[in-house]
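The following exercises ask the reader to examine a molecular structure step by step. Each task is followed by a worked solution.

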Amino acid sequence: MDKISPLYSTITGTGSYIPNNVVHGNSFLESAFYENGLKIEKDIKEIISKFSEITEITERRYADADQVSSDIATVAAQNAIADSGIDQESLDCIIFCHNFGDVKLGSNRMDMIPSLAAKVKQRLQIANPDCVAYDLIFGCPGWVQGCIQADYMIKSGDAKKVMVIGSETLSRVIDPHDRDSMIFSDGAGAVIMEAIASDTPTGIIAHKTQSYTLQHASLLTMGKSNNPGHNAENTYLKMNGRKLYEFAVINVPQVVKKAIDKAGLSIEDIKTVFIHQANGKMDHAIMKRLFKLYEVDCIPEKLVPMTISWLGNSSVATIPTLLDLVKKGKVEGYAVRKGEYAVFASVGAGMHINAFVYQF
């Protein structure tokens, strides 16, 4: 009997959409930020400067007025399909990772009917009914979890080609009177994952996910505006920034290590870490704590590509966008090379943490 090689999930195409509208810090000079129901009386320039110092964000991107999340996701999907060279009719599944659906400018209402995955499939004009399209709601770690789900489907033999999309327009759900609103942005990224039969491990070789809901589910929620006089009917994205920072720095490194250990590797084997672009200071602290778990004091240069300074935090879109930019040589000093190991890791609303180890 001929030996049957195991199946592995490999990324064969990437695509992204980066909105054209650049929103600099000075765009918030006319803002009135509130805290505990009272207006913050600090100089607005000081607030913006301090925010940028902590997060490393100097600008972010917003979608055009006539665009919604499924629109920009469709562009990213088209780019990923073109990059992979596949026939889109051969896709077995489209997993669309998001949290807020389609939100029109000025409405704050979330549209998820039909699913955004179904909308993208329709706009791509994919006729194949065996291409199953569904959405995944998992906070900022959604795209990483979508890849993990795709891996399960591929390894089971139920799918050979899966597209995983991460897209969000957070500019539509932020409170204009909350200084945390300066963190968030819009964007979309997508990958094509294909089954490869191989006698040696390749693609996704290990993953780990945890959900800390009991004590931490309330760190990211929807709530009223910080300004008691502002549109009482709407709810906006709210986070307990200090507690979230502490949670992430303590727990994310543990989950990443579990994934690396599961792969039978050590931190020295990892050549690139694609981490969710949530907060520059927080991401650096996570990496420092991760290396400390391995009793390593020095983090190698050119290990962690970062785009948060100019793209902000676009939730599920940060990692696939970052991957696409690195693969296409658009992040100076970074590249992925065949045979090298990388870690993809994220944390967000839930609170969920996940990571997978990948061999290019």
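**Exercise 1. The largest pocket**

How do the residues of the lining of the largest pocket divide into nonpolar, polar and charged?

Solution. The model is predicted: local features need pLDDT of at least 70 and side-chain atom pairs count only at pLDDT 80 or more, while totals for chains, interfaces and linings use all residues. Residues are numbered from 1 along each chain as its sequence is written, and side-chain values use heavy atoms, with hydrogens and water left out.

Step 1. Fix the terms. On a 1 Å grid over the protein atoms alone, a pocket is an open set of points with protein on both sides within 12 Å along at least five of seven lines, a cavity is a set where a 1.4 Å probe fits but cannot get out, and lining residues have an atom within 4 Å of a point. A volume is the space filled by probe spheres set on the points, which are joined across faces, edges and corners.

Step 2. Apply the classes. Ala, Val, Leu, Ile, Met, Phe, Trp, Tyr, Cys and Pro count as nonpolar, Asp, Glu, Lys and Arg as charged, and the others, Gly among them, as polar. The lining of the largest pocket then has 24 nonpolar, 13 polar and twelve charged residues.

Step 3. Locate the pocket. Its volume is about 1200 Å³. Among its 49 lining residues, Asp180, Ile183, Met239, Gly241 and Arg242 lie nearest the centre.

Step 4. Find the contributing elements, which are DSSP runs numbered from the N terminus: helices (H or I) of at least four residues and strands (E) of at least two. Helix 1 gives the largest share of this lining, six residues. Other elements that supply at least two residues each include helix 6 (241–262), helix 7 (280–293) and strand 12 (236–239).

**Exercise 2. The second largest pocket and the cavity**

Describe the second largest pocket and the enclosed space of the model.

Solution. Step 1. The second largest pocket holds about 160 Å³ of space. Its lining consists of Phe28, Ser31, Tyr62, Ser171, Ile174, Asp175, Pro176 and Ser181. By class, these are four nonpolar, three polar and one charged.

Step 2. The structure has one cavity of 30 Å³ or more. The volume of the largest cavity is about 90 Å³. Of its 15 lining residues, Asp186, Leu311, Gly312, Ser314 and Thr321 are the closest to the centre.

Step 3. Strand 9 (186–197) and helix 9 (318–327) each contribute at least two residues to the lining of this cavity. The lining comprises five nonpolar, eight polar and two charged residues.

**Exercise 3. Strand 15 and its sheet**

Why is strand 15 largely enclosed by the rest of the structure?

Solution. Step 1. Buried means under 20% relative accessible area, exposed over 50%, and partly exposed in between, with a 1.4 Å probe and protein chains only. Eight of the eight residues of strand 15 (residues 352–359) are buried, so the strand is largely enclosed.

Step 2. Consider each face. In a regular strand, side chains alternate between the two faces of the sheet. On one side of strand 15, His352, Asn354, Phe356 and Tyr358 are buried, and on the other, Ile353, Ala355, Val357 and Gln359 are buried.

Step 3. Identify the partners; two strands pair if DSSP finds at least two bridges between them. Strand 15 pairs antiparallel with strand 10 over eight bridges, and eight bridges also join strand 14 to strand 15 in the antiparallel sense. Opposite valine 357 stand alanine 206 and valine 343.

Step 4. Place the strand in its sheet. The open sheet of four strands has the order 10-15-14-13 with mixed pairing. Strand 10 and strand 13 (270–275) are the edge strands, each pairing on one side only.

**Exercise 4. The five-stranded sheet**

Which strands stand at the edges, each with a single partner strand?

Solution. Step 1. Five strands form an open sheet in the order 1-9-8-6-7, with mixed pairing.

Step 2. Strand 1 (7–17) and strand 7 (132–136) are at the edges with a single partner each, so one side of each has no neighbour in the sheet.

Step 3. Inside this sheet, strand 6 (residues 93–97) and strand 8 (residues 161–169) run parallel and are joined by five bridges. One of the partner pairs is isoleucine 95 with valine 164 in strand 8.
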